[in-house]
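These are my notebook entries on a single protein chain. I went through the model by topic and recorded what I looked up under each heading.

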Amino acid sequence: MTTTTAKATSKAGRSAGSHQEAGAGSASDNPKADPKDVSNQIKDPDQWTTGGEPMTGAQASYLKTLSEEAKEPAAFDPDLDKAEASKRIDDLRHKAGHA
């Protein structure tokens, strides 16, 4: 029973310590918490640093579905990069009535 109590006390101490450390900084120390910081807002796909990489599996799947729903199967191209796929998804979302 002593071991269980020691483990519980040890866990409680770690939790309290880590909670205190996480709350030690102010909101201005965290750019995600700063409402004036607009650097993390959605960027134009042409400005993405990874936009030239092949589209993700999720993008391919969604693009395929949308191209079928919009009755534009030719809009699906498996060789699109991330940025091109994103732009085409946005366009097809409007045509398919999802926007």
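**Entry 1. Overall fold**

How many helices and how many strands are there in the protein? I counted three helices and zero strands. I note at the outset that the model is predicted. Following the sequence, I read the pattern as α-α-α.

I then looked up the boundaries. Helix 1 spans 2-22 and helix 2 spans 57-69, while helix 3 covers residues 82-95.

For the chain as a whole, I found that 17% of the 99 residues are buried. The accessible surface amounts to about 7500 Å², and carbon and sulfur atoms account for 53% of that surface. I also checked the contacts between residues at least 6 apart in sequence: 59% of them join residues at least 24 apart.

**Entry 2. The nonpolar core**

Which residues make up the largest nonpolar core? I listed nine residues: M55, L63, L66, A70, A75, L80, A85, I89 and L92. Helix 2 and helix 3 each contribute at least two residues to this core. Helix 3 gives the most, with three residues. As background, nonpolar side chains in soluble globular proteins tend to be buried together.

I took L63 as the member to follow in detail. Leaving out residues up to four places away in sequence, I found that L63 touches M55, A75, F76, L80, R88, I89 and L92. Several of these partners recur in the core list, among them M55, A75, L80, I89 and L92.

**Entry 3. P45 and S86**

I next turned to P45, which sits in the loop between helix 1 and helix 2. Is P45 buried or exposed? P45 is buried, because its relative accessible area is 12%, and the cut-off for buried is under 20%.

Which residues does P45 touch, apart from those up to four places away in sequence? I recorded A83, S86 and K87. I also looked up E84, which is 39 residues from P45 along the chain; the two C-alpha atoms are separated by 7.6 Å.

From the other side of this contact, I examined S86, a residue of helix 3. S86 has a relative accessible area of 14% and is therefore buried. Setting aside neighbours within four places in sequence, S86 is in contact with P45, W48 and Q59.

**Entry 4. Salt bridges**

How many salt bridges does the count come to? I obtained five. As a general point, side chains of opposite charge can pair when their charged atoms come close.

I looked first at K82 and E53, whose side chains meet in a salt bridge at 3.0 Å, N to O. This pair links distant parts of the chain, with K82 in helix 3 and E53 in the loop between helix 1 and helix 2, 29 residues apart. I noted the accessibility of both partners. K82 counts as buried at 17% relative accessibility, whereas E53 is partly exposed at 37%.

I then examined K95 and E72, which form a salt bridge at 3.3 Å, N to O. This pair also links distant parts of the chain: K95 lies in helix 3 and E72 in the loop between helix 2 and helix 3, 23 residues apart. K95 is partly exposed, with a relative accessible area of 48%, and E72 is partly exposed at 29%.

K95 has a further partner in D91, and their side chains meet in a salt bridge at 3.3 Å, N to O. Why are D91 and K95 separated by about one helical turn? The reason is that they are four residues apart in helix 3. D91 counts as partly exposed at 37% relative accessibility. Taken together, E72, D91 and K95 are linked in a network of salt bridges.

**Entry 5. The backbone at K71**

My last check concerned K71, which I located in the loop between helix 2 and helix 3. What is the phi of K71 near? I read a value near 60°, positive in a residue other than glycine. For context, most residues other than glycine have a negative phi.

Is K71 buried or exposed? K71 counts as exposed because its relative accessibility is 71%, the cut-off for exposed being over 50%.

Technical notes:
Residues are numbered from 1 along each chain as its sequence is written. This is a predicted model: local features need pLDDT of at least 70, side-chain atom pairs count only at pLDDT 80 or more; totals for chains, interfaces and linings use all residues. Side-chain values use heavy atoms; hydrogens and water are left out. Buried means under 20% relative accessible area, exposed over 50%, partly exposed in between (1.4 Å probe, protein chains only). Contact means heavy atoms within 4.5 Å. Accessible areas come from the Shrake-Rupley method with a 1.4 Å probe; for residues, only the protein chains shown count as cover. A nonpolar core is a set of buried Ala, Val, Leu, Ile, Met, Phe, Trp, Tyr and Cys residues joined through side-chain atoms within 4.5 Å. A salt bridge is a side-chain nitrogen of Lys or Arg within 4 Å of a carboxyl oxygen of Asp or Glu.
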